[in-house]
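Colleague: Hi, I'm new to this one. Could you walk me through it?

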Amino acid sequence: MDSFFTASKVLWFLAVPSNLLVILAVLGLVLLAVRRRGLGIGLMVTAVAGWLVFGFSPAALYMLSPLEERFPLFKDDGTPVTGIIMLGGSERPEIGNARGVPTFGEAGERPIAFAALSRRYPQARLAFVGGSGLLFPSGDAVEAHMIRMSLPDLGIPEARVEFEPKSRNTAENAEFAKALLQPKPGERWLLVTSAWHMPRAVGCFRKVGFDVVPYPVDFQTAGPDRLDQPFSRAADGLDKTDTGVREWIGLVAYYLSGKTSALFPAP
């Protein structure tokens, strides 16, 4: 198994803010039990403070905003579109396969945009790129299977879509997409993924020599001038904090490991 992929999954499980705060709280309880009162209370206070700050304050929005504003919304200038690539990540194959119906998570705007673009550009090639990001996936827990199941509802003929079902992360998305699609100089390929994920995705595609035009969707913020709204549920704030921290750590890790073309890719 690829060491970068394995290490990224294990380390992220420990470093994800919502998990890390729980670990700190548990360690605090353990220290209290073994009569390390000062340190134990300190860790528990830190955990509670983290839940309050990152759960209810707009801190997560300030982390996500620079990512989402990095690439502007796509504007059709009349230039022909060769193809449209959608990255996986919105699908919930473990649930969809069990129930026999297409199931999507928060990034459901990706397949909606993919379907809309397929109709706007009827001559364009269509490609879905995504296998499974799980460390130990089951045989049918593949994102591409879920999209294939969804095509009738999206109004896209299955014969029109090219599938790449083996990539496990963004770097492999780019590498395997290039191998599948064999892009030629001068072609115009649209890349559909979440706005907060676009910098890392574009960096990976540029690194493998696949020039793409960003088509960001699935925005988590209302804009750079509307970031002060607190969250009414701690779970919402923590979830967005996890997303923001993951992307910033991912940008640094991918750049240092040579998987992206720049630390913070720009237009």
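Colleague: How much accessible surface does the protein have, and what share belongs to carbon and sulfur atoms?

Modeller: About 13,300 Å², with 61% of that on carbon and sulfur atoms. Accessible areas here come from the Shrake-Rupley method with a 1.4 Å probe, and for residues only the protein chains shown count as cover. Keep in mind that this is a predicted model: local features need pLDDT of at least 70, side-chain atom pairs count only at pLDDT 80 or more, and totals for chains, interfaces and linings use all residues. Residues are numbered from 1 along each chain as its sequence is written, and side-chain values use heavy atoms, with hydrogens and water left out.

Colleague: Got it. How many helices and strands are there?

Modeller: The protein has 10 helices and five strands. Those are DSSP runs numbered from the N terminus, with helices being H or I of at least four residues and strands E of at least two.

Colleague: And what about the overall dimensions?

Modeller: The C-alpha trace spans about 70 × 45 × 35 Å along its principal axes. The radius of gyration is 20 Å, which agrees with the value near 18 Å for a compact globule of 267 residues. That radius is taken over C-alpha atoms, and the globule rule is 2.2 Å times the number of residues to the power 0.38.

Colleague: What percentage of the residues is buried?

Modeller: Buried residues are 45% of the 267. Buried means under 20% relative accessible area, exposed means over 50%, and partly exposed is in between (1.4 Å probe, protein chains only).

Colleague: Which residues have the most contacts inside the largest nonpolar core?

Modeller: I84, Y121, I156, L190, V192 and Y215, in a core of 23 residues. Several elements supply at least two residues each, including strand 1 (83-87), helix 6 (109-120), strand 4 (189-194) and strand 5 (213-217). There is also a second, separate core of 19 residues, with V129, A171, W189 and V202 among them. A nonpolar core is a set of buried Ala, Val, Leu, Ile, Met, Phe, Trp, Tyr and Cys residues joined through side-chain atoms within 4.5 Å.

Colleague: Back to Y121 for a second. What is Y121 in contact with?

Modeller: Leaving aside neighbours within four places in sequence, Y121 is in contact with F74, D76, V81, I84, R160 and L190. Contact means heavy atoms within 4.5 Å.

Colleague: You mentioned W189 too. Where is W189, and is W189 buried or exposed?

Modeller: W189 is in strand 4, and counts as buried because its relative accessibility is 0%. Among the contacts of W189 beyond four places in sequence are T82, G83, I84, I85, R125 and V213. F205 is 16 residues along from W189 in sequence, and their C-alpha atoms are 11 Å apart.

Colleague: New topic: which residues of helix 4 are buried?

Modeller: In helix 4 (residues 59-69), the buried ones are A60, L61, M63, L64, S65, L67 and E68. These buried residues pack against helix 3 (37-56), helix 9 and helix 10 (234-256).

Colleague: Since helix 9 came up, is R200 buried or exposed?

Modeller: R200 counts as buried, because its relative accessibility is 9%. R200 sits in helix 9 (residues 198-207). Setting aside neighbours within four places in sequence, R200 is in contact with T170, E247, G250, L251, Y254 and T260.

Colleague: And in helix 10, what does D242 touch?

Modeller: D242, which lies in helix 10, touches W12, V16, P17 and S18, not counting residues up to four places away in sequence. D242 and W12 are 230 residues apart along the chain, yet their C-alpha atoms are separated by 9.9 Å. D242 is buried too, with a relative accessible area of 11%.

Colleague: Last one: what is phi of R35, roughly?

Modeller: Near 70°, a positive value in a residue other than glycine. Most residues other than glycine have a negative phi. R35 is in the loop between helix 2 (17-33) and helix 3, and counts as exposed because its relative accessibility is 76%. Q182 has a positive phi as well, near 50°, and is in the loop between helix 8 (170-181) and strand 4.
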